[in-house]
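Me: I should like a close look at a single part of this model, the strands and how they pair. Please give one connected account, and set the part in its surroundings where that is useful.

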Amino acid sequence: EDDASGMPDDLRSAYDEDDDRLEVVEAWHLPSAPDADDGRHIIATEGITLLDEPWTRDSFPFAFLHYSSPVVGFFGDSLCDDIKSQQFELNAVLEKTQEAMLLAVPRVYVNRAAKVQLNHMSNVPGEIVEYTGLQPPIHVASEPLSPQYTQHGMTVKNDAYQVAGVSQLSATSQKPTGLNAGVALREFNDIETERFAIFSAAVEEMGLEVARQVIEAIREIVKRAGKYQIQAVDERGRASEMIDWNEVDLDQDSYVMQAYPTALLPTRPAAKLERVLEMKRDGVIDATEAARLLDYPDLDAVTRRKLAPFELVHKAIDVMLRKGVSVTPEPYWPLDYALATLTEAYCRTGLMAEGPEEANRDLVRQCIDLVVELRAIGATPAAPTGAPVPDPMAAPVPNAALPAPAPGLPI
């Protein structure tokens with residue numbers, strides 16, 4: 001029910017006439033059908049429409065994350081709801097503890113028969129206080145709380161961790177004592193994350209929804225501005241070049257969006273090194289790939305120089321498949337690595353539903369043939385014209401005379 005101003009009851013209840021702030025409402029109405037044009041996006045305040053434009057998307061421009069899926073209504077239960085009873089009890093314990101600590105101050109009990117002058121007692125270190133009698137003053141430091149009460153607070157706190165499914169070590173970013181091996185740490189993390197499998201799936205779905213919203217926003221920018229460029233990154237996550245969005249945009253039915261871990265390797269340097277060495281020892285990767293996976297900042301200058309030939313191969317593959325530019329291999333390439341990587345890229349594109357154009361794949365095929373020829377030439381080097389081919393198995397000639405120097409050259 002609305003009042004004379006037209007404001008709904010749920011909004012009017014929070015409205016204060018003495019407040020100088022102005023309430024603005026933003027609303028979306030999705031299209032009723034794929035080809036319908038009744039979708040609207042409106043921003044309005046009381047009596048005034050600030051924005052009224054068509055809304056062509058089939059979804060709202062939001063990505064929501066629920067700790068637990070709602071049974072009724074929109075909002076679900078949060079982690080705070082799960083441990084609120086423990087939190088209330090812990091708050092009561094802390095409040096009583098604070099009161100007891102304020103009362104637990106050091107006291108001095110003085111017998112009246114001692115005839116101690118109270119004004120002579122102060123907090124001066126080493127001060128001498130005279131008294132008459134046989135019993136001196138008694139200094140008492142009272143205990144604020146019993147150990148059972150303090151232990152009750154710790155029990156409530158541990159119970160909250162158990163209900164949430166989070167260990168105190170994870171909450172404080174610490175590892176268990178004695179758990180140093182990378183395999184043991186991975187197993188420890190895997191056991192703990194099983195508790196949050198459903199929530200982790202919800203986080204991944206929210207990430208996918210954010211990606212969809214970004215794609216839709218870029219498409220709207222392209223419709224208005226005509227073009228839009230994005231920053232492309234290489235396999236190591238480094239910025240490589242700017243790409244026109246129109247070159248990579250696909251129809252929604254032409255691709256599948258899935259969530260994958262940002263990194264299979266651990267983030268700690270020691271654990272990451274151990275995992276990479278395990279993969280190299282098991283034959284999963286070679287020494288070159290191991291160096292590319294480590295990618296430590298303090299070794300960046302060395303890895304960039306050592307991996308430059310291999311990065312050149314990957315860049316050549318990207319240029320051929322994406323831009324359709326022919327690349328001629330050179331003898332200075334790591335030919336064995338180039339042959340294996342080019343073959344993998346060629347086969348991988350053949351399995352893609354919407355892969356690159358066949359002409360671009362032909363460029364990769366031609367590059368593979370040239371690499372094979374270069375490898376064959378390098379395996380059987382030709383002897384210099386007119387010079388005898390030495391026999392590596394022949395015994396050296398004793399006291400052989402050195403060849404005479406060429407005329408005009410220094411000896």
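**The sheet and its surroundings**

Reply: Ile43 has Leu51 as its bridge partner in strand S3. The model is predicted, and this bridge is a convenient point from which to describe the sheet.

Ile43 also serves as the bridge partner of Glu26, Ile43 being the S2 member of that bridge. Strand S2 covers residues 40–45 and strand S1 covers residues 24–29; the two pair in the antiparallel sense over six bridges. On the S3 side, S2 pairs with residues 48–54, again in the antiparallel sense and over six bridges. Ile43 thus has a bridge partner in S1, namely Glu26, and another in S3, namely Leu51.

The connection between S2 and S3 is a hairpin with two residues between the strands. Gly47 lies in the turn and has a positive phi of about 80 degrees. Thr45 in S2 has Ile48 in S3 as its bridge partner.

Taken together, the strands make an open sheet of three, in the order S1-S2-S3, with antiparallel pairing. S1 and S3 stand at the edges with a single partner strand each, so one side of each has no neighbour in the sheet. Direction ignored, neighbouring strands of this sheet are turned by 10 degrees against each other on average. As a general point, side chains in a regular strand alternate between the two faces of the sheet.

The edge strand S1 also takes part in an aromatic contact. The whole structure contains seven aromatic pairs. One of them joins Trp28 and Phe62 in an edge-to-face arrangement, with 5.0 Å centre to centre and 85 degrees between the planes. Trp28 belongs to S1, whereas Phe62 lies in the loop between S3 and helix H2 (79–82); the pair links distant parts of the chain, 34 residues apart.

For the surroundings, a pair of helices may be added. Helix H3 (residues 84–103) and helix H4 (residues 147–164) have axes that come within 9 Å and cross at roughly 155 degrees. The two helices are therefore roughly antiparallel to each other, and H3 passes H4 in a left-handed crossing. On the H3 side the contact includes Leu90, Val93 and Lys96, and on the H4 side it includes His152, Val156 and Asp159. The residues of this contact divide into seven nonpolar, four polar and three charged.

How values were computed:
Residues numbered from 1 in each chain as written. Predicted model: local features only at pLDDT ≥ 70, side-chain atom pairs only at ≥ 80, totals over all residues. Heavy atoms only, no water. Axes fitted to C-alpha atoms, helices over the stretch in contact; angles between N-to-C directions. Helix = DSSP H or I, 4+ residues; strand = E, 2+ residues; numbered from the N terminus. Parallel < 35°, antiparallel > 145°, perpendicular 65-115°, else oblique. Left-handed = near helix turned anticlockwise from the far one by under 90°. Contact = heavy atoms within 4.5 Å. Nonpolar A, V, L, I, M, F, W, Y, C, P; charged D, E, K, R; others polar. Pairing = 2+ DSSP bridges. Phe/Tyr/Trp six-rings, centres within 6.5 Å; stacked < 30°, edge-to-face > 60°.
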